[in-house]
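Here's a quick tour of a protein with a ligand bound. Have a look at the structure first, then work through the notes on the ligand, the domains and a couple of backbone oddities.

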Amino acid sequence: MSENKDNKMEKIISLCKRRGFIYQGSEIYGGLAGTWDYGPLGVALKKNIENIWWRMFVDSREDMYGIDAAILMNPNVWRSSGHVDSFSDPLVEDKKTKKRYRADHLLEEAGINPAGMSIEEMSAEIVRAGVKSPDGNELGGVQNFKMMFETKIGAYDDAEAAGENVSYLRPETAGGIFVNFKNVVDSFHPKLPFGIAQIGKAFRNEIAPRDFIFRVRELEQMEVEYFVRPENWEEHFEKWRKDMWNYVEAIGLPRDLVHELEVPEEDRAHYSKRTIDFEFDYPFGRKELYGLAYRGDYDLTKHKEGSGSKIDYVDSDSGEKILPHVIEPSLGVGRTILAVLTSAYTEDELDGEPRSFLKLAPSVAPIKVAVFPLLKNKPELLKKAREIYEMIRKEIPQIMFDTNGNIGKRYRRQDEIGTPVCVTVDFETIEFDGADQDAEVTVRDRDTGKQERVKVGEILSHLKNQLK
Ligand code: GAP
């Protein structure tokens, strides 16, 4: 990572902490690697990102069903899905310090492409190329490290006593969708094609969590399993590909920072017959943002065999019995937030002074409008500003009232958290000699700093227009 890129990430991480977006997990105890806590503005940003997804892929479609499944599941779910055996990353240990690393990451950093390499090939490549640990020491052989977090279900305090009752924190939300396939079919009798959607937490014991919220151990996913007739999978894969681009646009990510990558067979997950990764140009490099996979009938077949339950889909018209195939658009919430923040972070000069601000799309901005009285110690100004604030709040609830510091400082603070518009009530507003609706306030645009006078009676339509 170049100094500049490091610097940009440091500025964003510091802004996130200072302004209440994202804090280190368990910070006062020294933190817990790979965990992050969302503060008030971070939660608002996250909810906006999730709500846009839910509206676009569930509420506005007739072929989609939302669920919220339990994180703890019968461990046989993960045995059937293949995760117990196959969900692992290549681990390598520094022989001297005993610190552990992702072998593929160390190879990449040494300029070697580890794509498609087995753990034996990685071990050989490390020796051949003389790859060392970040501390400059020799590395041991590469092993598969299982990434699912284990836990014990019931009154057992050690794993041996727990025996069969060892379970896992789900590593993908998809598992909860597949085991509810039959339930949704039985409750709603949907016609193929249809999808089941879920937003929720997933857990992965990442060997090396890094890059802020990019690679974490407790993550959140927005996933759809879209069930199709086998012969139509390509058509629906293409539709989802377009839908994912529509979502990228809806949250304001610049299209030119997002790139598709056709994942070669040897690099695909064990269940996938085709995968396109959507990669994003983060400050620390081009990395996976989302995945679109064709999982065939892998999961339903495995769960049918593993559970012994009759989960086939029966066409209500023809009586035909089939196991549908699955298209899976899988989107990480944290990676979306990081893409949104890093692409929105802007430095410029305004009124002869340097400023840094978040050029967030109004759709995701945690605060859409801030309302201020010009001065805080004038009761009439305060009263009028509060009145206008309450009036706007009824229609635009993500709003903030701010009286702290001088007006210039308030504008800069709102710029820094990405508030698209500020409304200031001044003496002209309260001294106006006419109908209240005709009194004017100042409306300021975040990106240009441009200010204009708008009549109180027209504020709502003006704001709605500006926030489109
Ligand atoms: N159900 C498919 C699945 O889980 P994946 O490629 O392993 O596929 C899907 O994960 C998405 O989840 C990724 O594209 C990424 O956005 C997010 N993701 C995966 N691991 C992550 C981690 N350790 N930290 C943050 N996000 C992660």
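Start at the ligand: one of its nitrogen atoms sits 2.8 Å from a polar side-chain atom of E206. Keep in mind that this is a predicted model. The protein covers 91% of the 550 Å² of accessible area that the ligand has on its own.

**Polar contacts to the ligand**
- Besides E206, V216 joins in through its backbone: an N or O atom there lies 2.9 Å from a nitrogen atom of the ligand.
- Q221 uses its side chain, placing an N or O atom 3.0 Å from an oxygen atom of the ligand.

**The shell around the ligand**
- How many residues surround the ligand? The count is 20, and the closest are E172, E206, E223, E288 and L289.
- By type, the shell splits into 9 charged, 7 nonpolar and 4 polar residues.
- Three strands each chip in at least two shell residues: β10 (218-228), β13 (285-296) and β16 (325-332).
- Which of the elements gives the largest share of the shell? That's β13, with 5 residues.

**Two domains and their contact**
- The domain assignment gives domain 1 in two segments, 3-87 and 147-340, while domain 2 runs over 367-466.
- Measure from C-alpha centre to C-alpha centre and domain 1 and domain 2 are 40 Å apart.
- Where they meet, domain 1 puts in 7 residues and domain 2 puts in 6.
- As a reminder, the size of an interface is often given as the accessible area lost when the parts come together.
- For this pair of domains the buried area is about 580 Å², with 48% of it on carbon and sulfur atoms.
- On the domain 1 side, R19, L41 and N48 lose the most area to domain 2, and together they make up 66% of what that side buries.

**Backbone spots worth a look**
- Some background: most peptide bonds are trans, and most residues other than glycine have a negative phi.
- The L192 to P193 peptide bond is cis, with omega near 0°.
- You'll find P193 in the loop that links α9 (181-188) and β9 (194-203).
- S26 isn't a glycine, yet its phi is positive, near 50°.
- Where does S26 sit? Look in the loop between β1 (22-24) and β2 (36-38).

Methods. Residues numbered from 1 in each chain as written. Predicted model: local features only at pLDDT ≥ 70, side-chain atom pairs only at ≥ 80, totals over all residues. Heavy atoms only, no water. Near = heavy atom within 4 Å. Polar contact = N/O pair within 3.5 Å; in protein donor to acceptor, adjacent residues only side chain to side chain. Areas by Shrake-Rupley, 256 points an atom, 1.4 Å probe, with all protein chains shown as cover. Helix = DSSP H or I, 4+ residues; strand = E, 2+ residues; numbered from the N terminus. Nonpolar A, V, L, I, M, F, W, Y, C, P; charged D, E, K, R; others polar. Domains from an automatic or database assignment. Contact = heavy atoms within 4.5 Å. Buried area = accessible area lost by both parts, 1.4 Å probe.
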